[in-house]
Amino acid sequence: MSEKKEKKDRVLSIRDLNISFETATGTINAIRGVRMDLFRGETIAIVGESGSGKSVTVKTIMGIMASNGRIESGSIEYTFTDDDGEVKTVDLTKLSQKEIRYKFNGRHIAMVFQDPMTSLDPTMTIGKQIMEGMLAHLGLSKEEAKKRTLKLLEDVGIDEPQKRFSQYPHQLSGGMRQRVVIAIALACDPDILICDEPTTALDVTIQAKILELIKKLQKEKNISVIYITHDLGVVAKVADYVDVMYAGRIIEKGNIDEIFYDPRHPYTWGLLASMPDTDTSSTRLFAIPGTPPNLLEKIEGDAFAVRNPYALAIDFKVEPPMFNVGGQHRVASWLCDPRAPKVEVPEQLRQRLNRIRKEEANDNI
Amino acid sequence: MTTFNEPLLHVEGLKQHFRITRHYTTKAVDGISFDIYPGETYGLVGESGSGKSTTGRTLIRLYEPTAGKIIFDGRDISGKLSKEDEKYLRTNMQMIFQDPMACLNPRKKVMEIIAQGLEIQHLYKDRNDLENKVYSILEKVGLSREHASRYPQQFSGGQRQRIGIARALVMNPKLVIADEAISALDVSIQAQVVNLMKDLQDELGTTYLFIAHDLSMVKYISDRIGVMHLGHLVETGTTDDIFSNPIHPYTRSLLSAIPKPDPHVEKNRISLSYDKDKEGVDYNAGTIHHVSETHQVLATDEEFERWTAM
């Protein structure tokens, strides 16, 4: 996106991550070989259905994985500037949860959760909750922390910060509460902000405002953001890069234009086509048949094959590798193999893409 | 079959107030009127707290309406219900709830859950007839016979919502109220369930009241739409009226907030905001203004002129 081809600042690099959970009914392979890079100031969106492993991935980065989870292999390398101004790289998978919690959570990597009702402490004033991290991590005095908190409340668009400072969460509306949660996340100037479905619990009108706010703050503070969502409208609004996850694997990744205007994986087609846009006039929605796979069972071949109307014979036998289809676009589907037969994008999606292309051509004239 | 001009459900000046303390009453629904015609889908949209769910629950008489009239298929069901009217209401109006995890009794098998309504209303000849009715509705919603002997927790979210739909439709109702029936489901499953509801409507001619906050889905499924805000129905019209010619600033702000799966549009879009107090809109002062035969807006004369001029 920048004119110069300068080397971008890598903040986070995940390689071959495999995570499994031990349950009463057997071992669940929740994450199967995830690879991801995050650069300073950029936004990645991880898209997928529930159970696709998107939350597990970020919870591992935060070191808050459930206790029955085990990292089988892989690394999560995080590069940061420590308090003495030295640039350091650590592998988060090698640290204990306690170490991550004391040194990184909140200070370097912060998270905004889905539901502001449950992620705020109802018995503590808003000011106190925002100050908590500053006092613990930055060693500020109470006065300094209060000054910073009032400034933060203003930054996140809460008016009368003085009054709000001593109020309790229940005295605020849902949108205001989510703003407080964002203020808490930003209290210690983190490098990485992880947003786990930050707007699903909010109304559409408020949703847009919160996303715009996160975008504005991201620009001001030059932080990297990871979004987890299943809402492609949200992704379209915020992301630079998109990773589509299915059954614990990233099945398609690329920059936002590649994913939205030139999707290659049948699952991405399905996701895009099943979202009604307001210009759709057809009488039936495109639906992906079936349900997500049970990860308790060993997956043979492509996990999506059974729901995939375009599946080839090989899809049921061998898991597809990541094919490079040009640019930053990678797709894990045998359809991208040069030997595969040519298939057409579903009718509805093709119409929409054509319409968008036409509009774009008109805009350029 | 009733003629098309005869509404299946006629709501007039419906109010639902909840007394919280001696000095404070929540006016969840504050005087709304609308009609639903047989065979159509009426979408009710609005933000949380706008009173759309309360409206649905009052219509099916989970609450005692504070004031107003509800005429369902020619019967007044707003006052105290006679035994006969109650039976009529309980068989002919059904509800699909939001959370398929919470609305199915975990201790009952699917067979018992779906058959319960029929049993209570004695709508079967013998045990065999009852079971056949359940099997046939299960097949209609895309599940199989074997599923009848399982418990709810053995199903996925989408399948559970199908059970919820089957439970509503087994009574062969005239009106189904779907209260946020798809918002708890995954995107790909949402499309499956909406398609199913549409197919069943084509087959059985059921009328739907579809309550939701997701406008793009509402547009897709509804014939007519009512927009609610703070207990008032601020605008109502055909889907086309609402989407191509929105009048009320609240409707406009809702429409401008619909996310689109198109990054170029989405990145440059700034959503409109609407603040009732800043705009000086008083819902209680407004009266119904007709934009066209099918399209009505709640506004004062002055507001109506200002908004239509925009």
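Q: Two residues are in contact if their C-beta atoms, placed from the backbone, lie within 7 Å. On that basis, how many residues do chain B and chain A each give to their contact?
A: This is a predicted model, and the totals for interfaces use all residues. The contact between the chains draws on both of them, with 31 residues from chain B and 34 residues from chain A.

Q: Which helix of chain B supplies the largest share of the side that touches chain A?
A: From chain B, the contact with chain A takes 31 residues. Helices H6 (187–204), H7 (215–221), H9 (249–256) and H10 (263–268) of chain B each supply at least two residues of that side. By character, the side of chain B that touches chain A divides into 13 nonpolar, 11 polar and 7 charged residues. The largest share, 6 residues, comes from H6(B).

Q: Is A:Ala287 buried or exposed?
A: A:Ala287 sits in the loop between helix H11 (266–273) and strand E11 (323–324) of chain A. Outside its neighbours within four places in sequence, A:Ala287 is in contact with A:Ser274, B:Ser188, B:Ala191, B:Gln192 and B:Asn195. The cut-off for a buried residue is 20 or more other C-beta atoms within 10 Å of its own. A:Ala287 has 20 such neighbours inside 10 Å, so A:Ala287 counts as buried.

Q: How far apart are the C-alpha centres of domain 1 and domain 2 of chain A?
A: The domain assignment of chain A places domain 1 at 12–239 and domain 2 at 261–364. Their contact takes 10 residues from domain 1 of chain A and 6 residues from domain 2 of chain A. The C-alpha centres of these two domains of chain A are separated by 30 Å.

Q: Which strand gives the largest share of the side of domain 1 of chain A that touches domain 2 of chain A?
A: In the contact between these domains, 10 residues come from domain 1 of chain A. That side divides into 4 nonpolar, 5 polar and 1 charged. The largest share of it, 4 residues, is from residues 26–39 of chain A, strand E2.

Q: What distance separates the end C-alpha atoms of helix H4 (residues 126–138) of chain A?
A: The expected span is 1.5 Å times one less than the number of residues. H4(A) has 13 residues, so the expected value is 18 Å, and the distance in the model agrees with that at 19 Å.

Q: Which residue with positive phi follows H4(A)?
A: The buried residues of H4(A) include A:Ile126, A:Met131 and A:His137. Their cover includes helix H5 (142–155), helix H6 (161–165) and helix H7 (174–185) of chain A. Just after H4(A), phi is positive, near 65°, at A:Gly139.

Q: Which residue of strand E8 (residues 224–229) of chain A stands opposite A:Asp196?
A: Strand E7 (residues 192–196) of chain A has 5 of its 5 residues buried. A:Ile192, A:Ile194 and A:Asp196 point one way from E7(A), and A:Leu193 and A:Cys195 the other way. E7(A) runs parallel to strand E6 (residues 109–112) of chain A over 4 bridges, and pairs with E8(A) in the parallel sense over 5 bridges. In E8(A), the residue opposite A:Asp196 is A:Ile228.

Q: Over which residues of chain A is the pLDDT below 50?
A: Chain A has a mean pLDDT of 88, and 96% of its residues reach 70 or more. One stretch has a pLDDT below 50 and 0 contacts beyond near neighbours in sequence, namely residues 1–5.

Technical notes
Residues are numbered from 1 along each chain as its sequence is written. Chains are lettered from A and ligands numbered from 1 in the order in which they are written. This is a predicted model: local features need pLDDT of at least 70, side-chain atom pairs count only at pLDDT 80 or more; totals for chains, interfaces and linings use all residues. Domain bounds come from an automatic or database domain assignment. Ala, Val, Leu, Ile, Met, Phe, Trp, Tyr, Cys and Pro count as nonpolar, Asp, Glu, Lys and Arg as charged, and the others, Gly among them, as polar. pLDDT is the predictor's confidence in each residue, from 0 to 100. A residue is buried if 20 or more other C-beta atoms lie within 10 Å of its own, exposed if 12 or fewer, and partly exposed in between; C-beta atoms are placed from the backbone. Two strands pair if DSSP finds at least two bridges between them.
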